[in-house]
Amino acid sequence: MNIAVLQFPGSNCDQDAFHIFASGLRLPTRYVWHKDQALGDADLVVVPGGFSYGDYLRCGAIARFSPVMGAVKEYAARGGLVLAVCNGFQIVCEAGLLPGALIRNSSLEFRCITCELKVEDSTAAFRVGTIGKTIRVPIAHGEGNYRIDEAGLARLEANRQILLRYVKNPNGSIAGIAGIRNEQGNVFGMMPHPERAFERFHPSQDGLAVVKAVLATKFPEFAAKSAAPASPVPIFG
Amino acid sequence: MKINVFVTPKKNVLDPQGAAVGHALESLGFSRLKSTRIGKLIELEVEAQDTPEFRARLDQVCRDLLSNPIIEDFRYEIASR
């Protein structure tokens with residue numbers, strides 16, 4: 001198992017992301033600098049939160065052209081697992097790895113709160129049965145307002161690509177969307193920070209189940225033991 | 001050659017900044033306001049000739065980097081020196 005956490009100039013959740021995998025799950029974890037052209041042997045690539053390139057132009061717009069993103073695109077096209085959080089979610093949307101875009105919160109405020117999230121039955125690994133019906137995970141963003149056109153939203157719903165929805169919408173996201181996956185089911189993006197929800201001093205420990213569900217997509221040893229599917233869900237491959 | 005690239009939120013995309021500024025304009029007594037949209041102006045200076053090939057390249061960078069076609073429209077004005 002090999003977890004690669006990307007680092008862009010302005011990333012600030014890279015160490016938290018490193019910590020949940022290295023300490024929370026005791027997995028071999030390493031950083032990959034944005035100038036690197038190759039990812040090496042990675043089982044999961046984490047695109048962490050922060051303010052890459054100062055959020056200049058648009059959030060994630062410049063990071064998308066970092067040398068490492070070419071490697072991430074190839075890796076994702078080969079079916080590699082990607083978890084993109086907050087600014088990472090903005091980056092992978094800009095890169096076209098996930099559909100849609102994130103714009104300014106409808107409140108115009110930077111929202112830094114713990115949100116209640118409704119878990120959706122999205123995949124065999126990412127579902128209510130493995131994560132819980134509702135979870136509490138912190139958000140911290142000014143631009144988390146998810147936008148997609150009607151046809152795109154219909155596709156997300158039909159393919160069960162929505163992972164998490166806000167119980168109380170903090171940013172104006174369409175359909176209360178807090179996180180989505182790609183159609184193939186190997187790229188996961190979300191505004192909430194699971195890496196800020198696992199230590200005892202964190203607002204909750206629900207982030208661990210989220211991260212495990214992403215890993216269990218490819219590595220069944222991370223699947224929650226007791227869970228039986230709550231309802232039939234499509235198994236992607 | 002000077003190029004002004006205007007990037008604006010798409011008509012059907014919500015513009016929270018524009019809405020907030022619109023409310024402020026109304027509270028200043030600037031009435032009969034129908035809409036306020038906020039975009040950005042990007043000024044470029046390029047040493048190149050205005051050829052169809054150059055325009056194609058410019059369109060491409062506007063689509064790929066300067067704007068996000070999911071949420072924004074762009075247009076540009078080219079002024080020769």
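# Helices on a nine-stranded sheet

The buried residues of α2(A) pack against five strands of chain A: β1 (3-7), β2, β3, β4 and β11. This is a predicted model. Chain A holds an open sheet of nine strands with mixed pairing. Chain B touches chain A through nine residues, and chain A answers with 13.

**The sheet of chain A**

- The strand order is β2-β1-β3-β4-β11-β10-β9-β6-β7 (chain A).
- β2 (29-33) and β7 (134-141) of chain A are the edge strands, and each pairs on one side only.
- From one strand to the next, the twist averages 25°.
- β4 (residues 81-85) and β11 (residues 187-190) of chain A run parallel to each other and pair over four bridges.
- Within this part of the sheet, A:Ala84 has A:Gly189 in β11(A) as its bridge partner.

**Helix α2 of chain A**

- Helix α2 covers residues 67-77 of chain A.
- Its buried residues are A:Val68, A:Met69, A:Ala71, A:Val72, A:Tyr75 and A:Ala76.
- Viewed down the axis of α2(A), these buried residues fall within an arc of 155°, so they line one face of the helix.
- The other side of α2(A) has exposed residues: A:Pro67, A:Glu74 and A:Ala77.
- A:Gly79, just after α2(A), takes a positive phi of about 100°.

**Helix α3 of chain A**

- Helix α3 (residues 87-94) of chain A lies across β3 (44-47), β4 and β11 of chain A.
- The helix runs at about 120° to β4(A).
- Eight of the eight residues of α3(A) are buried, so the rest of the structure largely encloses this helix.
- Those buried residues are A:Asn87, A:Gly88, A:Phe89, A:Gln90, A:Ile91, A:Val92, A:Cys93 and A:Glu94.
- The cover over them includes β3, β4, β5 (101-103) and β11 of chain A.
- A:Gly96 comes just after α3(A) and takes a positive phi of about 80°.

**Contact between chains A and B**

- The contact takes 13 residues from chain A and nine residues from chain B.
- On the chain B side, helix α1 (residues 16-27) of chain B gives the largest share, three residues.
- By class, the side of chain B that touches chain A has seven nonpolar and two polar residues.
- That side of chain B has no charged residues.

Key: Residues are numbered from 1 along each chain as its sequence is written. Chains are lettered from A and ligands numbered from 1 in the order in which they are written. This is a predicted model: local features need pLDDT of at least 70, side-chain atom pairs count only at pLDDT 80 or more; totals for chains, interfaces and linings use all residues. Two strands pair if DSSP finds at least two bridges between them. Helices (H or I, at least four residues) and strands (E, at least two) are DSSP runs, numbered from the N terminus. Axes are lines fitted to C-alpha atoms, for helices over the stretch in contact, and angles run from 0 to 180 degrees between N-to-C directions. Two residues are in contact if their C-beta atoms, placed from the backbone, lie within 7 Å. Ala, Val, Leu, Ile, Met, Phe, Trp, Tyr, Cys and Pro count as nonpolar, Asp, Glu, Lys and Arg as charged, and the others, Gly among them, as polar. A residue is buried if 20 or more other C-beta atoms lie within 10 Å of its own, exposed if 12 or fewer, and partly exposed in between; C-beta atoms are placed from the backbone. The arc is that of the directions from the helix axis to the C-beta atoms.
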